[in-house]
Amino acid sequence: MADSKPINVGPKSAAWLRQVGVRTMDDLTALGSVAVFAKVRKAGFKPSLNLLYSLEGALRGCHWTALSADDKTRLVTEANAIE
């Protein structure tokens, strides 16, 4: 179950997320990591792929480095398809 705690990202990324209306894990869960990453890009920010991976890791309850190469490739493909 999701909760309303803040997403554990750095201050710059947290500011970007706030500016696109994503403030809590509930917000992230509702939209998904790829959609949130796309919102950040569409808002004119230039996030690295680490933000995408961190968002997905937050959803899965793991550090982004625990994501497999296949998972990362899938996330990037999905994010690029949105644009």
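**Notes on a five-helix chain**

1. A good place to start is the contact pattern: among contacts in the protein chain between residues at least 6 apart in sequence, 37% join residues at least 24 apart. Please keep in mind that this is a predicted model.

2. On the overall fold, the protein chain has five helices and zero strands. Read from the N terminus on, its elements run α-α-α-α-α.

3. The dimensions hang together nicely. For 83 residues, a compact globule would have a radius of gyration near 12 Å, and the protein chain has 12 Å, so the two agree. Along its principal axes, the C-alpha trace spans about 30 × 30 × 20 Å.

4. A word on burial and surface: 36% of the 83 residues of the protein chain count as buried. The accessible surface comes to about 4800 Å², and carbon and sulfur atoms account for 53% of that.

5. Helix H5 is worth a look on your screen. Its 14 residues (69-82) should span 20 Å at 1.5 Å a residue, and its end C-alpha atoms are indeed 20 Å apart, which agrees.

6. Which residues of H5 are buried? They are Asp-71, Lys-72, Leu-75 and Ala-79. These four cover an arc of only 95 degrees around the axis, which means they lie on the same side of H5. The general background is simple: an α-helix has 3.6 residues a turn, so residues three or four places apart point the same way.

7. What does the buried set pack against? The buried residues of H5 pack against H3 and helix H4 (49-60). On the other side of H5, Ala-69, Asp-70, Thr-73 and Ala-81 are exposed.

8. Now to Ser-33, a residue of helix H3, which covers residues 33-42. Is Ser-33 buried or exposed? Its relative accessible area is 3%, and since buried means under 20%, Ser-33 counts as buried.

9. The neighbours of Ser-33 are easy to pick out. Leaving aside residues up to four places away in sequence, Ser-33 touches Leu-28, Leu-52, Leu-55, Glu-56, Leu-59 and Leu-75. One of these, Leu-75, is also among the buried residues of H5.

10. Finally, a side-chain pair you may want to inspect: the side chain of Ser-33 makes a polar contact with the side chain of Glu-56, at 2.5 Å. Glu-56 is thus one of the residues that Ser-33 touches, and the Ser-33 side of this pair is buried.

Terms used
Residues numbered from 1 in each chain as written. Predicted model: local features only at pLDDT ≥ 70, side-chain atom pairs only at ≥ 80, totals over all residues. Heavy atoms only, no water. Helix = DSSP H or I, 4+ residues; strand = E, 2+ residues; numbered from the N terminus. Buried < 20%, exposed > 50% of the residue type's maximum accessible area, 1.4 Å probe, protein only. Polar contact = N/O pair within 3.5 Å; in protein donor to acceptor, adjacent residues only side chain to side chain. Contact = heavy atoms within 4.5 Å. Expected span 1.5 Å × (residues − 1). Arc of directions from axis to C-beta. Rg over C-alpha atoms; globule rule 2.2 N^0.38 Å. Areas by Shrake-Rupley, 256 points an atom, 1.4 Å probe, with all protein chains shown as cover.
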